[in-house]
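Please read this report with the sequence and the structure side by side. It goes through a strand and its sheet, then some helix pairs, a contact between chains, and a few loop residues.

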Amino acid sequence: MTDTPLLQYTLRLADTALVLGHRLSEWVGHSPVIEEDLAFGNMGLDLIGQARSLYSYAGEIEGKGRDEDALAYLRDAPEYRNILLVEQPNGDFAATMLRQLLYAAFAHPYFEALARSKDAMLAAIAAKSVKEMAYHLRHSAEWIIRLGDGTEESHRRAQESLDELWPYTAEMFETDQVEPALIEAGVAIDAASLRATWDKTLDHVLSEATLERPRDGYMQSGGRIGHHSEHLGHILSELQFLQRAYPGATW
Amino acid sequence: MSDQSWPLWEVFIRTRNGLAHRHVGSVHAVDATMALHAARDTYTRRGEGLSVWVVPSASITASDPADKDMMFEPTASKIYRHPTFYEIPDEVGHM
């Protein structure tokens, strides 16, 4: 792969936002109440908006004429660079909210830091995203507190989701050979430096929620170099169907 | 999950500085914090709001529709209460 580090870095951010946005969009029309249907729709659109900006920028960096649609609709699963957490199935309401909490508790401080990037475009996209992720964090945290500290069933479901998703959390803080030079240049964020912030947020919410923080065991990884779970293929088959079946179709 | 046991909240939104909060609708939510979230997610999606209030619907005391005649009918014959009998000089413009 000959993509420049900046292109790879931007695609990782874009793919993560798109895949999570798509996951949230799957709830639309299926949520337990209309208020949460709209909440999922809103959060999904925040993420898809972030993805659009990042894809457009990635296309610019690449300079081969690929626009946001080409990058989103015409790449196969192994070319996707999203973290594995966001492609995990929605499960029940608690599982989706927990996944959102785990990601937003990371993405909020991440974009806060990226808003100070030396790369003006990434900084601008991050500055817009940080407000969106602040709400995702607050909304998901309030829900997890109520589900965890709610009924016996809601507590059980929230704890099960937490245990199930935990092995996907470490990947958020990884750095590989794509990033050090960008971090050195003040363009990218060293995700590992956000670990303490994330831990603090999580510990606070989990304790309010009376949920038990799982022990760090074997951790899943590989999404950012294109090694995905089978779930991503299913997501893409739905997300990309129209452009694959009718290339170039527009509204 | 059923929302039958979730309390109802009335939602008020202030659109611009200087204007009062206006009633825009209602949401179901488990408590005040979540009602604010629901109000934000349901009623401010198109940049409508700068401030949101939620009030438990149960806290609102409403007039009885059956009292309509007693409550509101007597004012119908008192048109002199409307400020429409004054000539406003042109220089004043819109008040």
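## A strand with two faces

In this predicted model, strand β1 of chain B covers residues 8-14, and its side chains alternate between two faces. B:Trp9, B:Val11 and B:Ile13 point to one face and are buried. B:Leu8, B:Glu10, B:Phe12 and B:Arg14 point to the other face and are not buried. Alternation of this kind is what a regular strand shows: side chains take turns between the two faces of the sheet.

## The sheet of chain B

Strands of a sheet pair through backbone hydrogen bonds, in either a parallel or an antiparallel sense. What is the sense of the pairing between β1(B) and strand β2 of chain B, parallel or antiparallel? The two strands pair in the antiparallel sense, over six bridges, and β2(B) spans residues 22-28. Two residues of β1(B) can be followed to their partners in β2(B): B:Phe12 is bridged to B:His23, and B:Ile13 is bridged to B:Arg22. β1(B) also pairs with strand β3 of chain B, residues 51-56, again antiparallel and over six bridges. Here B:Arg14 has B:Ser51 of β3(B) as its bridge partner.

Together the three strands make an open sheet with the order β2-β1-β3 in chain B, and the pairing is antiparallel. β2 and β3 of chain B are the edge strands, since each of them pairs on one side only. On average, neighbouring strands of this sheet are turned by 30° against each other, direction ignored. Helix α1 of chain B, residues 32-43, packs on the sheet and touches β1, β2 and β3 of chain B. The direction of α1(B) makes about 130° with that of β3(B).

## Helix pairs in chain A

Two packed helices are described by the angle between their axes and the distance between the axes. Helix α4 of chain A, residues 93-114, can be described in this way against two other helices. The axes of α4(A) and α5(A) come within 7 Å and cross at roughly 145°. The crossing of α4(A) past α5(A) is left-handed. The residues of this contact divide into 20 nonpolar, five polar and one charged.

How far apart are the axes of α4(A) and α6(A), and at what angle do these helices pack? The axes are 9 Å apart and the angle is about 50°. Angles from 35 to 65 degrees count as oblique, so α4(A) and α6(A) are oblique to each other. α4(A) passes α6(A) in a right-handed crossing. On the α4(A) side the contact is made by A:Ala94, A:Ala95, A:Leu98, A:Arg99 and A:Leu102. On the α6(A) side it is made by A:Ser154, A:Arg157, A:Ala158, A:Ser161, A:Leu162 and A:Leu165. By class, the residues of the contact of α4(A) with α6(A) are seven nonpolar, two polar and two charged.

## Where the chains touch

How many residues does each chain bring to the contact? Nine residues come from chain A and 13 residues from chain B. On the side of chain A that touches chain B, α2 (34-62) and α5 (120-148) of chain A each supply at least two residues. α2(A) gives the most to this side, with four residues. The side of chain A that touches chain B has four nonpolar, two polar and three charged residues.

## Residues in loops

A:Thr210 is found in the loop between α8 (195-208) and α9 (230-239) of chain A. Most residues other than glycine have a negative phi. The phi of A:Thr210 is near 55°, a positive value in a residue other than glycine. A:Thr210 counts as partly exposed because it has 13 C-beta neighbours inside 10 Å.

Two residues of chain B lie in the loop between β3 and α2 of that chain: B:Thr61 and B:Ala58. Is B:Thr61 buried or exposed? A residue with 12 or fewer such neighbours is exposed, and B:Thr61 has 5 C-beta neighbours inside 10 Å, so it counts as exposed. B:Ala58 has 10 C-beta neighbours inside 10 Å and therefore counts as exposed.

Each of these residues can also be placed against a residue further along the chain. B:Thr61 and B:Thr84 are 23 residues apart along the chain, and their C-alpha atoms are separated by 32 Å. B:Ala58 and B:Glu87 are 29 residues apart along the chain, with 45 Å between their C-alpha atoms.

Technical notes. Residues numbered from 1 in each chain as written. Chains lettered and ligands numbered in written order. Predicted model: local features only at pLDDT ≥ 70, side-chain atom pairs only at ≥ 80, totals over all residues. Buried ≥ 20, exposed ≤ 12 C-beta atoms within 10 Å, placed from the backbone. Pairing = 2+ DSSP bridges. Axes fitted to C-alpha atoms, helices over the stretch in contact; angles between N-to-C directions. Contact = placed C-beta atoms within 7 Å. Nonpolar A, V, L, I, M, F, W, Y, C, P; charged D, E, K, R; others polar. Left-handed = near helix turned anticlockwise from the far one by under 90°. Parallel < 35°, antiparallel > 145°, perpendicular 65-115°, else oblique.
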